[in-house]
Amino acid sequence: TSSLSPVAVRGSEGLYMVNGPPRFAESTAFQRDSGRNCKAVAFSKDGSLFAWCNGEKVNVVNVTRAELLHSFDLPKAVCLEFSPKNNVLATWQAYATAKDGTAGVPNLQLHDLRTGKCLKSFIQKKMQNWCPCWADDESICARNVNNEVHFFENNNFNTIANKLHLQKVSDFVLSPGAQPAKVAVYVPGSKGAPSFVRLYQYPNFGGPQSALANKSFFKADKVTMLWNKKATAVLVIASTEVDKTGASYYGEQTLHYLAASGESAVVQLPKNGPIYDVAWSPNSVEFCAVYGFMPAKATVFNLKCDPVFDFGTGPRNAAYYSPHGHILVLAGFGNLRGQMEVWDVKNYRLISKPVASDSTYFAWCPDGEHIVTATCAPRLRVSNGYRIWHYTGSVLHSHEVPADEEMWQVLWQPFLDGVFPEKAVKYQAVASELPGAEPRPAQAYRPPALRNKPVTSSKLHEDEPPQNMKPHLGGSDKPLSKTALKNQRKHEAKKAAKQEAKADANPGPAQVRAPQNALQNAVPAVTTGDPEVDKKIKNLKKKLKAIEQLKEQAAAGKQLEKNQVEKIQKEAALLKELEDLELGV
């Protein structure tokens, strides 16, 4: 199966395909289209068919046999999509009204790929969600028309078989996989009524009792709904455009879980801030969320929405599971530097930390072994190109387009699940002719006064280390009782206090710090549960420590300033305040 998965590359130099690992030569099976006006490309779900529009025609080829199947006369098409079993090609072009202001011609077309005939055309004004959604076996197909969902059966588009009509369905997602199909719908709130997401099983849409599950929430201007592969649950990221507290220009996000069995929950994320990404594991029983103000946290949760593994904090805003689900890549793209962390999910061990700077795109190869990262226009107009990596961190192939050209898209040819078997995870970097992509380390700015002095570490924060969240006691897999957990925490706090006392007594090398910012004077970290109170306590402790230092200086015979003497006089009042806060008075 090596060299089976080519990549299609689209840009100002035209459209061509490059063979996948290990050879990386331009594919001779696909005749390059050198036109500079290639607007869109699409592979079929099984990768056997490929379509593109070049500003004149929409062409469809059989990739394996390298033969042209159809050429449709659609110069304005800008979107293409195949139905899951390759029976239909959907095309979309921008909607335009006639000169006299009357309705324009239908701009969404469904073409029968056996005969080449147009099965049906619709008026579809918006580009967003333009494409009808098929169940994987094509038994049903659905599209949103004027806030209701219309269902067609067996690709008969002349008869609406069913309608899902709620007050205003603004979005819906069909479940993947086998029958019976389920559908998740989102209805935005209005006039004080909350927004909600509901799950239905097709075709049972009658009355409120027929829903499989329902979750309502007040904070939502838009939602993203993600089905897991087995269609047993949906994750909903609800976002508001504006954060009322002013804490973030991303707006506010919350993560909700809905199971087809009817359970629902809010996923508790232990750090405040945006939710950058959420990804289901292909095993359908775990998901990973990347969230919180930078440096962001990443955590894997199970179907009870309990944390299973916490990756600590780091510069990241995206998560990508490999097709087999055995490897997870956490990455920081966009406004971050392109650091990637490649994790073995079964053992939660870090495999590699490659850096793909300026990447605008990332995708796993269907073989679960290789990755493509790319820098594409219009997101970035300079140094466009792509790299193909092995997940162990080796760059196997790198291509940069000439300075005056642009690359717009790169895309692996897909394959159905099961074509590539899952391989054992490697830790040793795979051999490569190319050097690793180590970026030049950016020199931190240093003010003139410090330029000839030795460099001291000036990290703004310490990253939290990864930790396994599965509670283990004496090797048993049973979840801990509340008392056991409490005792375990006490024990850990005592242990930490002991170690810190040791560290205070024996300073050793200056830079070795416990990752947790060893707390002052070996006080175990006690939280009150209220972040505001915790903050006050922290500040009080800081002031008291400063007073301690002043007293030591005075004892050593140093003449104190007037304001320093006043500080020492406040010690009793501060101690009293601290005691009250800690007791929760």
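These legends walk through several close-up views of a predicted model.

**View 1. Strands β11, β12 and β13 follow one another through two hairpins.**
Start with β11 (residues 133-134) and β12 (residues 140-145), which run antiparallel and are joined by two bridges. To find your place, look for Cys133, whose bridge partner in β12 is Ala142. Five residues sit between β11 and β12 in their hairpin. In that turn, Glu138 has a positive phi of about 65°. Now carry on to β13 (residues 148-153), which pairs with β12 in the antiparallel sense over six bridges. Here Asn144 is the residue to look for, with Val149 as its bridge partner in β13. The hairpin of β12 and β13 has two residues between the strands, and Asn146 in the turn has a positive phi of about 45°.

**View 2. Phe30 and Phe50 meet edge-to-face.**
The model has 21 aromatic pairs by the rule used here. One of them is Phe30 with Phe50, with 5.4 Å from centre to centre and 85° between the planes. Phe30 comes from the loop between β2 (14-18) and β3 (40-43), while Phe50 belongs to strand β4 (residues 49-53), so this pair ties together parts that are 20 residues apart in sequence. What about exposure: are Phe30 and Phe50 buried or exposed? Both Phe30 and Phe50 are buried. The two rings also have company, since ring pairs link Phe30, Phe43, Phe50 and Trp52 into a cluster.

**View 3. Tyr320 and Phe333 make a tilted ring pair.**
Why is this pair called tilted? The planes of Tyr320 and Phe333 stand at 45°, with the ring centres 6.5 Å apart, so the pair counts as tilted because the angle is neither under 30 degrees nor over 60. Tyr320 is in strand β27 (residues 318-321), and Phe333 is in the loop between β28 (327-331) and β29 (340-344). The two are 13 residues apart, and their pair links distant parts of the chain. Tyr320 is partly exposed at 23% relative accessibility, whereas Phe333 is buried at 8%.

**View 4. Two arginines sit over aromatic rings.**
In one spot, the charged end of Arg198 is over the ring of Phe196, 4.1 Å from the ring's centre. In another, Arg349 lies over the face of Tyr427, at 3.8 Å from the ring centre.

**View 5. Four strands, β27-β28-β29-β30, form an open sheet.**
Pairing in this sheet is antiparallel. Which strands stand at the edges? They are β27 and β30 (349-352), each with a single partner strand, so one side of each has no neighbour in the sheet. From one strand to the next, the twist averages 30°.

**View 6. Strand β29 pairs with β28 and with β30.**
Five antiparallel bridges connect β28 and β29, and Leu330 has Glu341 of β29 as its bridge partner. With β30, the count is three bridges, again antiparallel. Val342 stands opposite Ser352 of β30. The hairpin of β29 and β30 has four residues between the strands, and Tyr348 in the turn has a positive phi of about 45°. How many residues of β29 are buried? Five of the five are, so the strand is largely enclosed by the rest of the structure. In a regular strand, side chains alternate between the two faces of the sheet. Along β29, Met340, Val342 and Asp344 point one way, while Glu341 and Trp343 point the other way.

**View 7. Two prolines follow cis peptide bonds.**
The bond from Tyr202 to Pro203 is cis, with omega near 0°. Look for Pro203 in the loop between β17 (195-201) and β18 (213-217). The other cis bond in this view joins Met294 and Pro295, with omega about -5°. Pro295 lies in the loop between β24 (286-291) and β25 (296-302).

**View 8. Phe24 and Cys305 have positive phi values without being glycine.**
For Phe24, phi is near 60°. This residue is in the loop between β2 and β3, and Phe24 is buried, with a relative accessible area of 13%. For Cys305, phi is near 65°. You'll find Cys305 in the loop between β25 and β26 (307-314), where Cys305 counts as buried at 10% relative accessibility.

Terms used:
Residues numbered from 1 in each chain as written. Predicted model: local features only at pLDDT ≥ 70, side-chain atom pairs only at ≥ 80, totals over all residues. Heavy atoms only, no water. Pairing = 2+ DSSP bridges. Phe/Tyr/Trp six-rings, centres within 6.5 Å; stacked < 30°, edge-to-face > 60°. Buried < 20%, exposed > 50% of the residue type's maximum accessible area, 1.4 Å probe, protein only. Lys NZ or Arg CZ within 6 Å of the ring centre and 35° of its normal. Axes fitted to C-alpha atoms, helices over the stretch in contact; angles between N-to-C directions.
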